[in-house]
Number of protein chains: 2
Amino acid sequence: MKNKLNRFRKFIKDSDLLFSRERHEIAACVFDLDTHFSADELYLKLKQQGSNVSRATVYRTLDLLVKAKLLSKLQMKQGQHLYENYDGIMHHDHMICVNCGKIIEFSSTEIETIQKQICKKYNFKMKSHMLRICGLCEECQKK
Amino acid sequence: MKNKLNRFRKFIKDSDLLFSRERHEIAACVFDLDTHFSADELYLKLKQQGSNVSRATVYRTLDLLVKAKLLSKLQMKQGQHLYENYDGIMHHDHMICVNCGKIIEFSSTEIETIQKQICKKYNFKMKSHMLRICGLCEECQKK
DNA sequence: TTCCCTGCAAAGCTTTTGCATGCGA
DNA sequence: TCGCATGCAAAAGCTTTGCAGGGAA
C-alpha cells in the first residue's frame, strides 16, 4: 500500500504534475480497498472519512491511477464502471453473479495461450483482453 | 431474414403483444443489417428510409428483439451498446480494433471447454460469457 | 508570479420513463 | 370499446468539462 502510494507519487512527478493533498487522500483510500468499487462509492467513503474532495476530483484522480497502471477500470452495465487495484503481476478475469453481484476472480494460463494463438491467426495485435462469465454463484444457486 | 421476421412475429404473438407497423419496420431494418450497430445508427437509418419511428420505440423494440433472442446486445465503453444479429447457433467472441473500431468475430471451442471447467471448480452456474480482445487489426498495425 | 488543481455547476450522452393520444382488434 | 403502442419531452444516471478562484513552487 505504502509502496503503491510511492509508485503513484513517482508517476505524478514523472508526469510533471503535482502530488496534491487530494490526490494523496484519494490514492490512499483506493489502495486501502481490496474490493471492486465504483467512483461514487469511493467518493462516499472519502466523505465519510471527513474528506472534502469533490466528485470531479475523484474521477480525475481515478483516471490518473488507471494511467499509472495502479488501477484497472471495468465496464459494467449501464455505463457504470468499477475499479480494482491492479498489481500488474498477472491478468485475471471475472465471474459475476447476476443475483447478488458478487465478483469472483480467476485466471487461466490455458485461455491466455489460446487467445494468443487466435490473435496470431488473425494477425491481430492484442493490447488487452477481458473475459467475463455471468451466472449464479454457489450461494445464490441454493436459494 | 424473412424467417427471422416470422420468428419475431411469433414471439410477439406468443407474448400477447401486437405486431405493429413500427415493430415490423424496425425488425426488418435490423435483420437487413449484417454489422454491429448502435440504437442511434439504427434510428438514423430508419429515418433515412422515410420511417417516422421515434428513438423510444427503437429502444423498446430492440429490447424485445433481445428478449426474443434474435439480437445480442454488447456493452461498449461509455455506456454505449452495440447490437448484432444473433443466430443462436454458436457463441462467438470479439476482437476490437482500438484504432479503427473494426470488430472481428471468432469462436473457440477450446476456450468454451476451459470456461466450463473453471465454472465447475468454483461451483458457478454460467448463464452467459463474453471474451473481448482489444488491440490493433492487421491494417492498423501497418500504419 | 505562474500555472496547475480544485470545487461547483452545468453540460454531455445514451437510455429510460411518464403521459396523453391514437390506432388496431 | 378497450387497451396496448407510440411519440414527445423530460428524467435518469454516470461521467466529463468550463470556469473562476486558490494554492504550491
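**Exercise 1. Locate B:Cys134 and describe its surroundings.**

*Solution.* Start with the element: B:Cys134 sits in strand E5 of chain B, which covers residues 125-136. Helices (H or I, at least four residues) and strands (E, at least two) are DSSP runs, numbered from the N terminus. Before going on, please note that this is a predicted model, where local features need pLDDT of at least 70, side-chain atom pairs count only at pLDDT 80 or more, and totals for chains, interfaces and linings use all residues. Residues are numbered from 1 along each chain as its sequence is written, chains are lettered from A and ligands numbered from 1 in the order in which they are written, and side-chain values use heavy atoms, with hydrogens and water left out.

Next, look for contacts, meaning heavy atoms within 4.5 Å. Setting aside neighbours within four places in sequence, B:Cys134 touches A:Phe124, A:Lys125, A:Met126, A:Lys127 and A:Ser128, together with B:Ile96 and B:Val98.

Finally, compare sequence and space: B:Cys134 and B:Ala39 lie 95 residues apart along the chain, and their C-alpha atoms are 22 Å apart.

**Exercise 2. Outline the build of chain A.**

*Solution.* First, count the elements: chain A has 6 helices and 5 strands. Then read them from the N terminus, where the order is α-α-α-α-β-β-β-β-α-β-α. For the dimensions, the C-alpha atoms fill a box of roughly 45 × 45 × 25 Å along the principal axes.

**Exercise 3. Work out how the two domains of chain A meet.**

*Solution.* Begin with the bounds, which come from an automatic or database domain assignment: domain 1 spans 2-85 and domain 2 spans 93-142 of chain A. The contact involves 6 residues from domain 1 of chain A and 5 residues from domain 2 of chain A. Their centres, taken over C-alpha atoms, are 25 Å apart.

Now turn to area. The size of an interface is often given as the accessible area lost when the parts come together. Here buried area (accessible area, 1.4 Å probe, lost by two parts on being put together and summed over both) is about 450 Å² between domain 1 and domain 2 of chain A, with 59% from carbon and sulfur atoms. On the side of domain 1 of chain A that touches domain 2, strand E1 (71-75) and strand E2 (81-85) each give two or more residues.

**Exercise 4. Find the relation between chain A and chain B.**

*Solution.* Superpose the copies by least squares on the C-alpha atoms of residues with pLDDT of at least 70 in both. Chain A falls on chain B after a rotation of 180° with 0.0 Å of shift along the axis, at an RMSD of 0.1 Å. That is the relation of a two-fold axis. Of the residues of chain A, A:Gly79 comes closest to this axis, at 1.6 Å for its C-alpha. The same surface serves both copies, as 100% of the contact residues of chain A recur in chain B.

**Exercise 5. Describe the interface of chain A and chain B.**

*Solution.* Count residues first: 37 of chain A are in contact with 37 of chain B. The buried area is about 3200 Å², and carbon and sulfur atoms give 67% of that. A:Tyr122, A:Phe124 and A:Ile133 supply 18% of the area that chain A buries against chain B, more than any other three residues.

Next, check for salt bridges (a side-chain nitrogen of Lys or Arg within 4 Å of a carboxyl oxygen of Asp or Glu): the count between chain A and chain B is 0.

Last, ask which elements take part. Those of chain A that give two or more residues to the side touching chain B include helix H5 (109-122) and strand E5 (125-136). The largest share, 12 residues, comes from E5(A).
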